[in-house]
Amino acid sequence: MQPRNMSMSGVVDLAAVKAAQEAKAKAEQARAEAARQGGGGAVSPADLVIDVDEAGFERDVLQRSTEVPVVIDFWAEWCQPCKQLSPVLERLAVEYNGRFVLAKIDVDANQMLMQQFGIQGIPAVFAVVAGQALPLFQGAAPEQQIRATLDQLVQVAEQRFGLTGLTVDSDAEPDGAQQAPQAPMGPYDAALEAAVEALDAGDLGGAIQAYKNVLSDDPGNTEAKLGLAQAELLQRVQGADPQQVRKEAAEKPGDVAAQIAAADLDLVGGHVEDAFGRLIETVRRTAGDDRDAARLRLLELFEVVGADDPRVAAARRALARALF
């Protein structure tokens with residue numbers, strides 16, 4: 001799978017030589033000013049992942065981006081793909097040890113920021129470097145591709161803007177680390193953790209098998225059902241050419257397989273309503289095996305998004321109208 005906007009080539013296009021030099025100079029001035037005021041010391045690992053709202057955006061993102069690249073994770077509580085992506089980004093923020101800071105923005109509570117960044121679907125990930133906003137990618141992505149993008153971001157930030165990151169106090173404990181009690185292990189926690197680790201490593205086949213192992217013993221396990229649906233979706237779109245898939249879907253509106261493939265890409269890209277609407281319309285205008293194929297894929301995508309999502313409830317009602 002190749003998520004949209006995963007390439008960092010846009011950074012070079014956006015930062016022309018003169019603009020880059022000006023931004024670099026401003027960043028150096030800001031760092032010097034922070035040093036004069038006693039800033040610039042070591043930070044705790046807990047400071048590498050922050051929640052940001054509209055009121056604090058200028059201070060927490062724009063000003064901070066003169067010291068270190070700030071990666072922005074636009075998410076929402078109802079977004080199931082966000083729940084898969086966000087923990088990976090949080091873990092990588094700590095692992096990269098101050099080379100970038102992760103700012104988490106809840107789009108439901110910060111609609112203005114969502115509009116200003118032109119967010120069309122979530123999860124969506126941007127970076128701000130020396131005050132310049134750069135789109136990174138939208139939708140789910142394998143960890144190795146996320147790492148490649150972050151590596152490019154860090155390199156560009158250092159070479160073009162002189163941002164070498166923050167110094168992290170390795171002896172500091174994350175907030176609440178000593179107070180948080182360890183939850184007892186459930187009967188399938190080890191298998192579910194193995195599935196998540198396989199997903200993070202890009203081993204979709206291994207993740208799918210791990211989830212199936214849980215479901216073979218516990219068919220009602222909600223976490224395994226959700227994880228399996230997500231992993232199977234990622235496996236289906238892996239290696240697909242998005243441009244070709246969308247071209248075929250546009251040119252062959254009656255081709256059920258083409259519409260199903262495009263709906264998968266819609267969902268991975270965060271365009272939930274588009275994915276649902278495409279399949280509902282396919283159900284509406286087909287019959288027999290074709291209708292069943294579109295309906296079953298739609299039900300699978302409902303599992304990916306989650307039954308509690310209001311868009312799933314609305315799509316279920318639309319599907320009922322299309323069927324009856």
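A cavity, here, is a set of grid points where a 1.4 Å probe fits but cannot get out. Keep that in mind for the first part. Also keep in mind that this is a predicted model.

So, cavities first. How many of 30 Å³ or more turn up in a search of the whole structure? Two. I'll talk about the second largest cavity. About 60 Å³ of space lies inside that one.

Who lines the second largest cavity? Start with Pro81, Gln84 and Ala140. Then come Gln230, Leu233 and Leu234. Leu267, Val268 and Val304 finish the list. Three elements each give two or more residues to this lining: helix 4, residues 80-95, helix 9, residues 222-237, and helix 11. Helix 9 gives the most, with three residues. Now the chemistry of that wall. Seven of the lining residues are nonpolar and two are polar. None is charged.

Next, the largest pocket. Its space comes to about 440 Å³. The lining of the largest pocket holds 26 residues. Which of them lie nearest the centre of the pocket? Lys83, Gln84, Val196, Leu199 and Gln230. Two of those names you have just heard: Gln84 and Gln230 also line the second largest cavity.

Five helices each supply at least two residues to the lining of the largest pocket. They are helix 4, helix 6 at 143-161, helix 7 at 189-200, helix 8 at 204-217, and helix 9. Which helix has the largest share of the lining of the largest pocket? Helix 4, with eight residues. By class, the pocket lining has 15 nonpolar residues, six polar and five charged.

Now helix packing. Two packed helices are described by the angle between their axes and the distance between the axes. I have two pairs, and helix 11 is in both of them.

Pair one is helix 10, residues 242-251, with helix 11, residues 256-268. The angle is about 135°, and the axes are 8 Å apart. Only angles over 145 degrees count as roughly antiparallel. Helix 10 and helix 11 are therefore oblique to each other. Their crossing is left-handed. From helix 10, the contact uses Pro242, Val245, Arg246, Glu248 and Ala249. Helix 11 answers with Ala258, Gln259, Ala261, Ala262, Leu265 and Asp266. Sorted by class, that contact has seven nonpolar residues, one polar and three charged.

Pair two is helix 11 with helix 12, residues 272-284. Here the angle is about 165°, with the axes 7 Å apart. Helix 11 and helix 12 are therefore roughly antiparallel to each other. Left-handed or right-handed crossing? Left-handed. On the helix 11 side we have Val256, Gln259, Ile260, Ala262, Ala263, Asp266 and Leu267. They meet Val272, Asp274, Ala275, Phe276, Arg278, Leu279 and Thr282 in helix 12. The class split for this contact is nine nonpolar, two polar and three charged. Note Leu267, which also lines the second largest cavity.

Last, two backbone details to look at on screen. The peptide bond from Ile122 to Pro123 is cis, with omega near 0°. Pro123 sits in the loop between helix 5, residues 111-116, and strand 4, residues 124-129. The other one is Asn97. Asn97 is not a glycine, yet its phi is positive, at about 55°. You'll find Asn97 in the loop between helix 4 and strand 3, residues 101-106.

That's my tour.

Key: Residues are numbered from 1 along each chain as its sequence is written. This is a predicted model: local features need pLDDT of at least 70, side-chain atom pairs count only at pLDDT 80 or more; totals for chains, interfaces and linings use all residues. Side-chain values use heavy atoms; hydrogens and water are left out. Axes are lines fitted to C-alpha atoms, for helices over the stretch in contact, and angles run from 0 to 180 degrees between N-to-C directions. Helices (H or I, at least four residues) and strands (E, at least two) are DSSP runs, numbered from the N terminus. Angles under 35 degrees count as roughly parallel, over 145 as roughly antiparallel, 65 to 115 as roughly perpendicular and the rest as oblique. A crossing is left-handed if the near helix is turned anticlockwise from the far one by less than a right angle, and right-handed if clockwise. Contact means heavy atoms within 4.5 Å. Ala, Val, Leu, Ile, Met, Phe, Trp, Tyr, Cys and Pro count as nonpolar, Asp, Glu, Lys and Arg as charged, and the others, Gly among them, as polar. On a 1 Å grid over the protein atoms alone, a cavity is a set of points where a 1.4 Å probe fits but cannot get out, and a pocket is an open set with protein on both sides within 12 Å along at least five of seven lines; lining residues have an atom within 4 Å of a point. Grid points are joined across faces, edges and corners, and a volume is the space filled by probe spheres set on the points.
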